[in-house]
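User: Could you take a close look at the salt bridges in this model for me? I would like to follow the partners one by one, and then hear about any enclosed space.

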Amino acid sequence: MSDFTSFTNERHDTFSKAWIAGILAFFVASVLSVIIIRHFGEMHVHNLRDKIENIAKENSFYLEKNIDHKMALTYPLAAMIQQDGAVPNFESLGNKLISYNPDIAEIALAPNGVIKQVVPLAGNEKALDFNLFADPQQQAEAFLTRETGKLTLAGPLHLIQGGEGLVGRLPVFTNENKFWGFVIIVMRFPDILNTTSLRNLKKEGYQYTLSRIHPKTNKEQIIISSGTKKLYLPIEQRINIPNGTWTLRIAPIGGWQDKGLLLIESVIAFLFSILVGYSVKQYVELRNYRFSLERLVHKRTAEILETKNQLDTLLDTIPDLIWLKNKAGVYLLCNPMFERFFGAKEEVIIGKSDYEFVEKELAGFFREKDRLAMETDGLSIHEEWITFSYDGHSALLE
């Protein structure tokens with residue numbers, strides 16, 4: 001009876017210690033999981049910010065260059081006025097400039113700030129005799145242009161002939177430094193944005209705003225926006241334009257954290273913590289029961305081997321090509337589907353390169369894509385047409 005009691009007490013003590021160890025291990029694993037999830041979350045945000053920053057820089061560059069190109073057309077017209085007092089064949093010259101720049105709505109000459117000539121005239125008749133200095137919408141920036149003597153860009157504005165446009169004005173002064181008037185170029189808005197990919201950003205999961213500080217109110221004016229939702233911690237990129245600066249802001253629509261991925265990671269971390277806690281509990285329990293431990297190890301080993309075999313079988317049956325190369329393009333391993341592509345077994349493929357199995361041109365194509373992936377040092381996605389050697393059929397793969 002005493003031995004039975006001692007055995008019972010020992011078993012109970014072992015059971016209690018195992019549970020305490022398991023609980024402690026669970027909490028430790030939970031803390032480590034939180035740290036790991038946070039680390040990978042920060043990496044995800046960092047990579048996403050880098051990507052959006054590149055998108056913002058690219059769009060800003062093309063938009064700035066496009067506006068500069070259009071605004072530069074005012075200089076030769078101003079030079080003609082300074083030399084001759086007018087622009088000879090203005091209608092013919094203006095129409096030719098517009099034919100090369102379809103997003104320009106009109107080109108106009110405004111002596112003393114009053115529009116007297118405009119091309120094309122059709123559709124812009126209302127612009128004739130329009131006094132920029134008398135218009136409440138444009139007079140502030142018109143006076144600013146005259147006073148500074150610099151090329152300015154206003155807008156987007158609602159045009160008197162209809163529609164929205166960006167208005168570029170270059171003040172022209174005679175050789176006696178007397179104010180002659182303005183050379184005006186009106187760019188269709190938002191057509192001027194066609195050189196950028198801003199309109200596609202929403203489809204790609206990003207929201208954006210393009211804004212400027214209004215010279216009259218000194219308040220931020222939204223030029224164009226992908227929606228009404230406020231951007232959270234956006235990437236900002238400055239765009240230098242004549243007489244001012246625009247600001248492009250881009251942010252993910254769903255926020256910087258992938259909530260779906262975070263949920264999955266949290267579930268996995270919770271399950272992992274339970275597994276760690278349970279494993280520690282089992283270890284402490286089984287350490288004091290050697291024979292039980294041996295039986296359990298044998299059983300678990302068999303389960304692990306079975307799982308490994310199942311995973312190996314799964315990899316072998318995946319209907320995708322899986323392979324591994326070194327930097328020199330030499331194969332290190334492949335799966336059965338890839339064997340069908342080359343029409344050779346893995347042991348034959350290993351240690352060789354593409355040039356020993358496919359035509360030189362296709363092998364060179366593969367090698368070029370390998371090189372690009374190594375230079376990019378990140379995920380590289382492209383499409384390839386390939387022909388499987390085992391039956392000759394072709395497929396387009398990503």
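Analyst: Happy to. Let's begin with a cut-off: a residue is called buried under 20% relative accessible area, exposed over 50%, and partly exposed in between. Please keep in mind that this is a predicted model.

With that scale, K57 is partly exposed because its relative accessibility is 42%. Its partner in a salt bridge is E53, with 3.4 Å from N to O. E53 also falls in the partly exposed class, at 30% relative accessibility. Both residues belong to helix α1, which covers residues 2-71, and they are four residues apart, so about one helical turn separates them.

Now to K325, which takes us to another part of the chain. One of its partners is D354, and the closest N and O atoms of that salt bridge are 2.7 Å apart. This pair links distant parts of the chain, with the two positions 29 residues apart in numbering: K325 is in strand β10 (residues 323-325), while D354 is in the loop between α9 (346-349) and α10 (360-376). How buried or exposed are these two? D354 has a relative accessible area of 3%, so it is buried. K325, at 16%, is under the 20% limit and therefore buried as well.

K325 also meets the side chain of D370 in a salt bridge, again with an N to O distance of 2.7 Å. Here D370 sits in helix α10 and K325 in strand β10, so this salt bridge ties together parts that are 45 residues apart in sequence. D370 and K325 are both buried. Elsewhere, E220, E236, R238 and R249 are joined into one network by salt bridges that share partners. Overall, the count comes to 11 salt bridges.

As for enclosed space, the structure holds one cavity of 30 Å³ or more. The largest cavity contains about 110 Å³ of space. Which residues line the largest cavity? They are E106, I115, A127, F130, L132, Q138, L159, I160, Q161, V167, I184 and V186. By class, this lining is made up of nine nonpolar residues, two polar ones and one charged one. The charged residue is E106, and the polar ones are Q138 and Q161.

To draw the salt bridges together: K57 and E53 pair within helix α1, whereas K325 in strand β10 pairs with D354 in a loop and with D370 in helix α10.

Technical notes:
Residues numbered from 1 in each chain as written. Predicted model: local features only at pLDDT ≥ 70, side-chain atom pairs only at ≥ 80, totals over all residues. Heavy atoms only, no water. Salt bridge = Lys/Arg side-chain N within 4 Å of Asp/Glu carboxyl O. Buried < 20%, exposed > 50% of the residue type's maximum accessible area, 1.4 Å probe, protein only. 1 Å grid on protein atoms, 1.4 Å probe; cavity = no way out; pocket = protein on both sides within 12 Å on 5 of 7 lines; lining within 4 Å. Points joined across faces, edges and corners; volume = space filled by probe spheres on them.
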